[in-house]
Each structure stands twice: as structure tokens, then as C-alpha cells.
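Work through the exercises below with the model open in a viewer. Each task is followed by a solution in steps.

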Amino acid sequence: MINVKDQVGNALERACGNVTDTYPKSWAELPAVQFVEEDNSVVEWTGGQEQKAYLRYRVDIWDNKSTSETALGVDREVSNLGLRRIACQDVDDPSGLKHKLMRYEGIIDVHTEMVYQNN
């Protein structure tokens, strides 16, 4: 298993200062960004060990105004890691805040951390 969660978190912090891997505890500082590793599974197993892993991350952005500027920064920073955006959508949020959901994925070599894509 590979752990690149810190790298994703650092990339998101470059895009927005209020970043957490748990549900935001404070809404005083907006925009707020939450990220979750949704999948980290074996794609290639040879020689008795994992060679490549599939990773998928979910990024949620909340703001009291448009989420677009933050989403552009998130996309730039996470894409620079080699992960590909597979979803980006506005979400109806009962809080009244603007809410955008983004998903990123990639296949990563667990030894070199080189990122591959499926297609």
C-alpha cells in the first residue's frame, strides 16, 4: 500500500489555507476544503508484492461566495501531482453555502511514485 495523502494535503494547502482531511470544524474561515482518500487498492501484484495501486480522492469545497476560484487552484495543484480530475460538480448544500465536489484518480507505481492513467 502506498500513502500519498500528505502530498495531496500539501497540494491542497497551496490552493487554499483552510484544508482538513476531516469534516471542517470551523466555518469562520472560508473557503473550507475537505479531502478524503476514497480508494487505495492493488492494481498490479507481481513477485509477491504490490507494484501499482489505484488511488481516488474526493475534494469538497465550501464557500459563502463562488467556489470557482478555489476549484481552479485545487485542480492546478492536484493535477501537478499527476492525478486526473474525473468529476467536478456543484452540490446542493442545506447550509446555504456554495459547495463543490471534485474527484481525482490515478494509478501509482508504489516504488517510484510515477502516476499512470487508465486510458
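The exercises go from the overall layout to single residues, and the model they use is a predicted one.

**Exercise 1. Overall layout**

Task: State how many helices and strands the protein has, and in what order the elements run from the N terminus.

Solution.
- Step 1. The secondary structure consists of two helices and six strands.
- Step 2. Read from the N terminus, the order is α-β-β-β-α-β-β-β.
- Step 3. For the dimensions, take the box along the principal axes: the C-alpha atoms fill roughly 50 × 25 × 25 Å.
- Step 4. The chain has 119 residues, and 44% of them count as buried.
- Step 5. Among contacts with a separation of 6 or more, 58% come from residues 24 or more positions apart.

**Exercise 2. The helix pair**

Task: Describe how H1 and H2 pack, and classify the residues of their contact.

Solution.
- Step 1. Locate the helices: H1 covers residues 5-15 and H2 covers residues 68-79.
- Step 2. Their axes are 8 Å apart and make an angle of about 145°.
- Step 3. The crossing of H1 with H2 is right-handed.
- Step 4. On the H1 side the contact residues are Ala 11, Leu 12, Arg 14 and Ala 15; on the H2 side they are Gly 73, Val 74, Glu 77 and Val 78.
- Step 5. By class, the contact of H1 with H2 has five nonpolar residues, one polar and two charged.

**Exercise 3. Aromatic rings**

Task: Determine which residues form an aromatic cluster with Trp 27, and give the geometry of the pairs in which Trp 27 takes part.

Solution.
- Step 1. A pair of aromatic rings is described by the distance of the centres and the angle of the planes.
- Step 2. The structure holds three aromatic pairs. One of them joins Tyr 23 and Trp 27, with 5.6 Å centre to centre and 70° between the planes, and is edge-to-face.
- Step 3. Trp 27 also pairs with Trp 62, at 5.2 Å centre to centre and 85° between the planes, again edge-to-face.
- Step 4. Trp 27 is in the loop between strand S1 (19-20) and strand S2 (32-46), while Trp 62 is in strand S3 (residues 49-63), so this pair ties together parts 35 residues apart in sequence.
- Step 5. Tyr 23, Trp 27 and Trp 62 therefore belong to one aromatic cluster.
- Step 6. Compare accessibility: Tyr 23 is exposed at 52%, Trp 27 is partly exposed at 30%, and Trp 62 is buried at 4%.

**Exercise 4. A charge over a ring**

Task: Find the ring over which the charged end of Lys 52 sits.

Solution.
- Step 1. The ring is that of Tyr 116.
- Step 2. The charged end of Lys 52 is 5.2 Å from the centre of that ring.

**Exercise 5. Backbone exceptions**

Task: Examine the peptide bond from Leu 30 to Pro 31 and the phi of Glu 113.

Solution.
- Step 1. Most residues other than glycine have a negative phi, and most peptide bonds are trans.
- Step 2. The bond from Leu 30 to Pro 31 is cis, with omega near 5°. Pro 31 is in the loop between S1 and S2, and Leu 30 lies in the loop between S1 and S2 too.
- Step 3. Leu 30 is partly exposed, at 25% relative accessibility. Outside its neighbours within four places in sequence, Leu 30 contacts Trp 62, Asp 63, Asn 64 and Leu 97.
- Step 4. Glu 113 is not a glycine, yet has a positive phi of about 65°. Glu 113 is in the loop between strand S5 (98-109) and strand S6 (115-116) and is partly exposed, at 38% relative accessibility.

**Exercise 6. Two residue environments**

Task: Is Gln 34 buried or exposed, and which residues does Lys 5 contact beyond its neighbours within four places in sequence?

Solution.
- Step 1. Gln 34 is in strand S2. Its relative accessible area is 12%, and buried means under 20%, so Gln 34 is buried.
- Step 2. Setting aside neighbours within four places in sequence, the contacts of Gln 34 include Thr 20, Tyr 23, Arg 58, Asp 60 and Trp 62.
- Step 3. Lys 5 lies in helix H1 and is partly exposed, with a relative accessible area of 27%.
- Step 4. Beyond neighbours within four places in sequence, Lys 5 contacts Asp 21, Phe 35 and Tyr 57.
- Step 5. Lys 5 and Leu 55 are 50 residues apart in sequence, with a C-alpha to C-alpha distance of 9.9 Å.

Technical notes
Residues numbered from 1 in each chain as written. Predicted model: local features only at pLDDT ≥ 70, side-chain atom pairs only at ≥ 80, totals over all residues. Heavy atoms only, no water. Axes fitted to C-alpha atoms, helices over the stretch in contact; angles between N-to-C directions. Helix = DSSP H or I, 4+ residues; strand = E, 2+ residues; numbered from the N terminus. Left-handed = near helix turned anticlockwise from the far one by under 90°. Contact = heavy atoms within 4.5 Å. Nonpolar A, V, L, I, M, F, W, Y, C, P; charged D, E, K, R; others polar. Phe/Tyr/Trp six-rings, centres within 6.5 Å; stacked < 30°, edge-to-face > 60°. Buried < 20%, exposed > 50% of the residue type's maximum accessible area, 1.4 Å probe, protein only. Lys NZ or Arg CZ within 6 Å of the ring centre and 35° of its normal.
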